[in-house]
Amino acid sequence: MVTIRKAKQIISIQAVLLSAFFIAGFNTGNANAQLVPESQCSKPPCKCDDIETIERFYLQQQQNLDAWEEVLKEFFTSNAPLDPADARNRYSSKTTSDSVLLSKCPSWQGQAEIKLGGLDSSGNPEFDQCFCNTFCDKIVDSVIVHEQRHYYNIITLGVVSLPSSIIAKLIPGDLGRYQQDSLMAQLLTLSEIDAHRTQVSYLEDTIRELKSKYSNDPYADDPQRECTWNNLTSLKTERTRLTQPLPETFTDRVRLLLARISHGNEE
Ligand SMILES: [Zn+2]
C-alpha cells in the first residue's frame, strides 16, 4: 500500500529530477554555467535602443515555444521521447540561437549550451552574470517569469500526476521504468510550453508598452535625438501551431496528457 509518506517521497523525487531539466537559455541542455543572484545584476532599464534586442529575444523565445510544441506532438506518435533528456535533445535539434543575441557576451562564444538563468534551492532567481548585466531589465525579468512558472508547475504537476506515478512505480521491471521516464518527459515538455508561453506573452506586453511610450514621447530617452527602430516583427507572426489547441490551464493539460497515456489518442 502506498502511504502518504511514500507519496510525498515520489513527488519530491519527481520535482528534483525535473528541476534539473528546467533551464532558461538559448539552445541549451545541461549547461554548466556559474549563476549569480539578482543582487549582482545591473539589469539596466530598457530604453528605446533596446527594442530591437527585445524583439530578437521575443522571436527566439517564440521559436523555442514552437520547438517544445513540436516535441509534444511526438508523444502521440510511435516515436515518442523516452525520457526528459531525450525530450530536451529533440527540442534542441528543432531550434537555433539568434547569432546577434549570442554575440553580446564574449563568455558565450564557442559554447554549445548557454544557461541564462534559473532558481536557487529557495526559489530565488539567479542569472548568467554577463546576461543580467548586458541585457535590459525587461528581458532579464522575462527569464524570472519563465522560471517562476516552472516553480509553480513542479508543485502542481507533482500532485496531479501522482496517481500515474504510483502506478508506474508499481509496475515491475523495464516497463515500469519506461512509464516513469515517459511521464517525466511529458511533464517537462508541458511545463516548458507553459513557461515559454508566459514568457512570450510578457515580452509581447513589454514591446507594446515600450513602442507606445516612445511613440507618444519620441524624445523621452534622449532630448537630442528622436527615437526610431526597425520593426523585426508585428507581434502577429504566423506560426505553425498544434492542430488542436491545448487546454487553457497547465493542470488541465497534464490531465489531458495523462488521460491519453491511459486511453490512447481517440478522445
Ligand atoms: Zn524552461
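**Entry 1: strands 3 and 4**

I started at the end of a strand pair: leucine 119 sits opposite proline 125 of strand 4. Note to self: this is a predicted model, so I am reading computed geometry throughout.

I then checked how strand 3 (residues 115–119) meets strand 4, and found an antiparallel pair joined by three bridges. I looked up glycine 117 too, and its bridge partner in strand 4 is phenylalanine 127. The two strands form a hairpin with five residues between them. In that hairpin I found glycine 123 with a positive phi near 90°.

Is strand 3 enclosed or open? I counted four of its five residues as buried, so strand 3 is largely enclosed by the rest of the structure.

**Entry 2: strand 2 on strand 4**

Next I went to strand 2 (residues 35–37), which runs antiparallel to strand 4 (residues 125–128). Three bridges join this pair as well. Here I asked which residue of strand 4 is the bridge partner of valine 36. It is phenylalanine 127, the residue I had already met as the partner of glycine 117.

That sent me to the contacts of phenylalanine 127. Leaving out residues up to four places away in sequence, I got Leu35, Val36, Glu38, Cys41, Leu116, Gly117, Cys132, Val140 and Val143.

**Entry 3: the loop after strand 2**

I followed the chain into the loop between strand 2 and helix 2, where serine 39 is found. I wanted to know whether serine 39 is buried or exposed. It has 7 C-beta neighbours inside 10 Å, and 12 or fewer counts as exposed, so serine 39 goes down as exposed. I also took its distance to proline 125: the C-alpha atoms are 9.9 Å apart, with the two positions 86 residues apart in sequence numbering.

Lysine 43 lies in this loop too, ahead of helix 2 (51–74). Its phi caught my eye, since it is positive, near 35°, and the residue is not glycine. I get 18 C-beta neighbours inside 10 Å for lysine 43, which is why it counts as partly exposed.

**Entry 4: the nonpolar core**

Which residues have the most contacts inside the largest nonpolar core? I noted Ile54, Trp68, Phe127 and Val140, in a core of 37 residues. The elements giving two or more residues to this core are helix 2, helix 3 (84–93), helix 5 (129–134), helix 6 (137–160) and helix 8 (173–216). Helix 8 gives the most, eleven residues. As background, nonpolar side chains in soluble globular proteins tend to be buried together.

**Entry 5: helix 2 against helix 3**

I looked at how these two helices meet. Their axes come within 9 Å and cross at roughly 130°. That angle makes helix 2 oblique to helix 3. I logged the crossing as right-handed. On the helix 2 side the contact uses Ala67, Trp68, Val71 and Glu74, and on the helix 3 side Ala87, Arg90 and Tyr91. Trp68 was already on my list for the core.

**Entry 6: the whole chain**

Last, I zoomed out. I have nine helices and four strands, in the order α-β-β-α-α-α-β-β-α-α-α-α-α. Of the 267 residues, 35% count as buried. I also looked at sequence separation: among contacts between residues at least 6 apart, 80% join residues at least 24 apart.

Terms used. Residues numbered from 1 in each chain as written. Predicted model: local features only at pLDDT ≥ 70, side-chain atom pairs only at ≥ 80, totals over all residues. Pairing = 2+ DSSP bridges. Buried ≥ 20, exposed ≤ 12 C-beta atoms within 10 Å, placed from the backbone. Contact = placed C-beta atoms within 7 Å. Core = buried A, V, L, I, M, F, W, Y, C linked by C-beta atoms within 7 Å. Axes fitted to C-alpha atoms, helices over the stretch in contact; angles between N-to-C directions. Parallel < 35°, antiparallel > 145°, perpendicular 65-115°, else oblique. Left-handed = near helix turned anticlockwise from the far one by under 90°.
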